[in-house]
Amino acid sequence: MKKIKQRLKQRYKQFQKHPITKGNELTALMRYMFFHFMIRTRKKMIYSWIGDLKFIAKKGEAGIVGNIYYGLFEFEESIFLIHLLNNQDTFLDIGANVGHYSLLMSGLKQAKSIAIEPVPKTYSLLKQQIELNNLNHLIDAKNVGVSNTNGELYFSTDRGTMDRIVNSSYSSSVVVKVQTLDSLVCNNIPLAIKMDVEGYEKYALQGAKNILNNKDLKVIVLELNNSGKRYNISDEEVYQIVYDYGFRPFIYNPKERTFNRLPTYNKDTFNTIFIRDLDFIKNRVRMSKKINIKNKNY
């Protein structure tokens with residue numbers, strides 16, 4: 001009981017800080033408690049989300065269930081990309097997990113998404129989310145990993161949203177085909193990339209030289225949380241790669257639709273928004289229609 005109370009107290013504090021749940025903490029906490037009570041006797045639950053979007057929620061699927069309580073998890077990055085993209089754009093979702101970002105970009109903005117998810121079990125769940133929302137025509141899901149060369153690598157299968165590249169001695173692992181991003185995307189250059197590959201960002205970027213050199217790519221949302229240390233890669237190395245291609249780190253204010261330049265990658269949160277051609281991006285987000293999330297407009 002003590003652990004449950006501590007967990008609820010911790011969640012309540014998190015709800016106090018989130019833009020959507022701030023001021024409605026008790027309602028968010030009730031959603032949290034209801035899901036965890038109901039999921040004990042059900043294998044899965046289907047939730048209505050934003051607009052006509054729905055998602056399948058299962059216990060332990062951190063990549064999607066946070067949207068039940070918060071309304072929009074990873075708020076700043078998600079709302080920025082929603083404001084940015086339109087139906088003429090391609091979005092590249094690297095490390096898609098069960099599809100949080102691809103569902104938003106294709107379901108709400110009708111952008112074409114390329115969703116890359118290497119772990120077969122997770123890829124199967126991703127496909128279920130896509131089919132639930134009838135988005136097969138807009139989301140191209142690929143069961144493949146990314147690296148600086150084409151070949152095969154081992155991926156863990158027991159770490160949920162944090163599954164990663166491991167060596168052959170790792171007990172819960174599977175061999176997965178890997179490709180460079182350049183060979184996967186070819187000439188279909190995205191406007192924006194979201195990349196979350198659990199510390200393997202350096203090698204993924206090394207395999208994307210053609211994409212990164214193409215000025216049609218304007219945005220990279222990149223997770224930097226020191227997870228590259230296991231591969232002897234520092235966050236600073238990864239930051240320098242995108243910096244050398246002309247991308248600069250920013251914080252996005254969705255209420256005002258303004259940007260604040262950061263001196264380096266965002267060390268307060270895991271994800272950093274990197275932008276190239278700020279004037280283009282400013283114009284895009286200004287023109288985007290407001291979206292309603294939990295009775296709040298953004």
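**Exercise 1.** In this predicted model, determine which residue of strand S10 is the bridge partner of Ile-94, and then follow the pairing onward into strand S11.

*Solution.* Begin with Ile-94, whose bridge partner in S10 is Met-195. This pairing belongs to the contact between strand S3 (residues 90-94) and S10, which run parallel and are joined by 4 bridges. Next, take Met-195 across to S11, where its bridge partner is Leu-222; S10 and strand S11 (residues 219-223) likewise run parallel, with 4 bridges joining them. Finally, consider the two faces of S10 (residues 192-195): Ala-192 and Lys-194 are buried on one side, and Ile-193 and Met-195 are buried on the other, so that both faces are covered, buried here meaning under 20% relative accessible area.

**Exercise 2.** Establish which residues of helix H11 are buried, and where they lie around the helix axis.

*Solution.* The buried residues of H11 (residues 278-287) are Ile-281, Arg-284 and Val-285. Viewed down the axis of H11, these buried residues fall within an arc of 90 degrees, and therefore they line one face of the helix. In general, an α-helix has 3.6 residues a turn, so residues three or four places apart point the same way. The face turned away from the buried side carries the exposed residues Asp-279, Arg-286 and Met-287. As a last step, look for the packing partners of the buried residues, among them helix H4 (75-84), S11 and strand S12 (248-253).

**Exercise 3.** Identify what the buried residues of helix H2 pack against.

*Solution.* In H2 (residues 25-38), the buried residues include Leu-29, Tyr-32 and Phe-35. The buried residues of H2 pack against helix H1 (2-17), strand S1 (45-48), strand S2 (54-57) and helix H3 (62-70).

How values were computed:
Residues numbered from 1 in each chain as written. Predicted model: local features only at pLDDT ≥ 70, side-chain atom pairs only at ≥ 80, totals over all residues. Heavy atoms only, no water. Buried < 20%, exposed > 50% of the residue type's maximum accessible area, 1.4 Å probe, protein only. Pairing = 2+ DSSP bridges. Expected span 1.5 Å × (residues − 1). Contact = heavy atoms within 4.5 Å. Arc of directions from axis to C-beta.
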